[in-house]
Amino acid sequence: MLGKLARQHDPNVLVGFDHADDAGVYQIAPDAALVQTVDFFTPIVDDPYTFGQIAAANSLSDIYAMGARPLTALALVCFPEKGDLEVLEQILAGGLSKMVEAGCTIIGGHSIRDDETKFGYSVTGTVNPKRILKNEGARVGDRLLLTKALGTGVISTAIKKGVAKQAWIDGAVASMTTLNKAAAEVVTTFERGSHPSKAAKGGAPSSSENNGSSVHALTDITGFGLIGHGREMALASNVSLRLHAGSLPLLEGALECVRAGHIPGGLNANREFAECVVNYGDEIPEDTKTLLFDPQTSGGLLIAVVEDRSVELQEALNSAGVTAVEIGEVLSKTKPLISVVT
């Protein structure tokens, strides 16, 4: 719908909504730009404090996915007029705990009466305009790293149905309440090397601010699933992606949830929209195909890193407590846009 509106032209907008990136970026000084994002949703777990934590971690994620540092946040609250205010207090307290962990200051917010509880934040961060990490810039030969396991969508659906095992809930909650802060800090401080552009071999040249970087593109895996966000990276970078199904990290219980039919509506919508750009190799299990489209809440970072430093980055992430896994590589643009092999 935004694409149907009259275009605004402002030279200070470095990343706008037309880029399908994780957040907007607005330059305010030669060495400073604001990064802005907003996200809120209905409860996906029963415990209100945990819901607040997940909502905060999810809202902060897009700031980290741009290589930025969060500064301030505004709370967005929808709550029933006759709801238990102690529940709302716990939601807010959970969110605050994650904002404190992120070093992000809550400076206000807005609330409305609503029959259905919803909660999240509008978050503002800052980044050096020369250090923005976009979903654009992946180059042929890059390796793809993923920092969190897939499956929060199907497990959350099982939670809502009251059929999720406690071990599945614990694993999903641990993942969703983990900030992408540590992962982003490793990526943004990763030693910048001089690597010639591989654009001549089919990859898109990265933006000027990333010409000397080993990390060429970055995004987080959230509501559109791995395929949806991978598609955005591939299109923005004018490349194709190859994913290795056997390397995909999956949360405990994710496959069981798919097999039991605990499929969220968002997953089906993602698959209907994006499966047309995917080609599956022989013997890819149907349950694995399904999880490629699972809408993630507070999912991990998808990183395109130069081939000869991918192991080094993976080890640096692992040393920081981030479980990073190599799941694929970047290819010259072709059809299909994304191929999934064993």
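L144 has G328 as its bridge partner in β12, and that pair belongs to an antiparallel match between β7 (residues 143–146) and β12 (residues 325–332), held by four bridges. Keep in mind that this is a predicted model. Besides the β12 pairings, there's an open six-stranded sheet to look at, a helix with its buried residues on one side, and a pair of cysteines that don't bond.

**Strands pairing with β12**
- Strand β7 runs antiparallel to β12, with four bridges between them.
- Strand β9 (residues 239–244) also pairs with β12 in the antiparallel sense, this time over five bridges.
- For a landmark in the β9 pairing, look at V239, whose bridge partner in β12 is S332.

**The six-stranded sheet**
- Reading across, the strand order is β1-β2-β3-β6-β4-β5; the sheet is open and its pairing is mixed.
- The edges belong to β1 (13–15) and β5 (105–113); each has a single partner strand, so one side of each lacks a neighbour in the sheet.
- Going from one strand to the next, the twist averages 25 degrees.
- At the β1 edge, two bridges tie β1 to β2 (residues 24–29), and the two strands run antiparallel.
- One place to find that pairing is V13, which has Y26 as its bridge partner in β2.
- Helix α1 (residues 48–65) packs on this sheet, where it touches β3 (32–41), β4 (69–79) and β6 (118–127).
- The direction of α1 makes about 30 degrees with that of β6.

**Helix α5 and its buried side**
- In α5 (residues 181–189), the buried residues are A183, A184, V186 and V187.
- These residues span an arc of only 160 degrees around the axis, so they sit on the same side of α5.
- As background, an α-helix has 3.6 residues a turn, so residues three or four places apart point the same way.
- What do the buried residues of α5 pack against? Their partners are α1, β8 (215–220), β11 (301–305) and α10 (310–319).

**Cysteines**
- The disulfide count is zero.
- Why is C78 not bonded? Its closest cysteine sulfur, in C104, is 20 Å away, which is too far for a bond; the cut-off is 2.5 Å.
- Looking from the other end, C104 is in no disulfide either, with the sulfur of C78 as its nearest cysteine sulfur.
- Buried or exposed? C78 is buried, at a relative accessible area of 10%, and C104 counts as buried too, at 5% relative accessibility.

How values were computed:
Residues numbered from 1 in each chain as written. Predicted model: local features only at pLDDT ≥ 70, side-chain atom pairs only at ≥ 80, totals over all residues. Heavy atoms only, no water. Pairing = 2+ DSSP bridges. Axes fitted to C-alpha atoms, helices over the stretch in contact; angles between N-to-C directions. Contact = heavy atoms within 4.5 Å. Buried < 20%, exposed > 50% of the residue type's maximum accessible area, 1.4 Å probe, protein only. Arc of directions from axis to C-beta.
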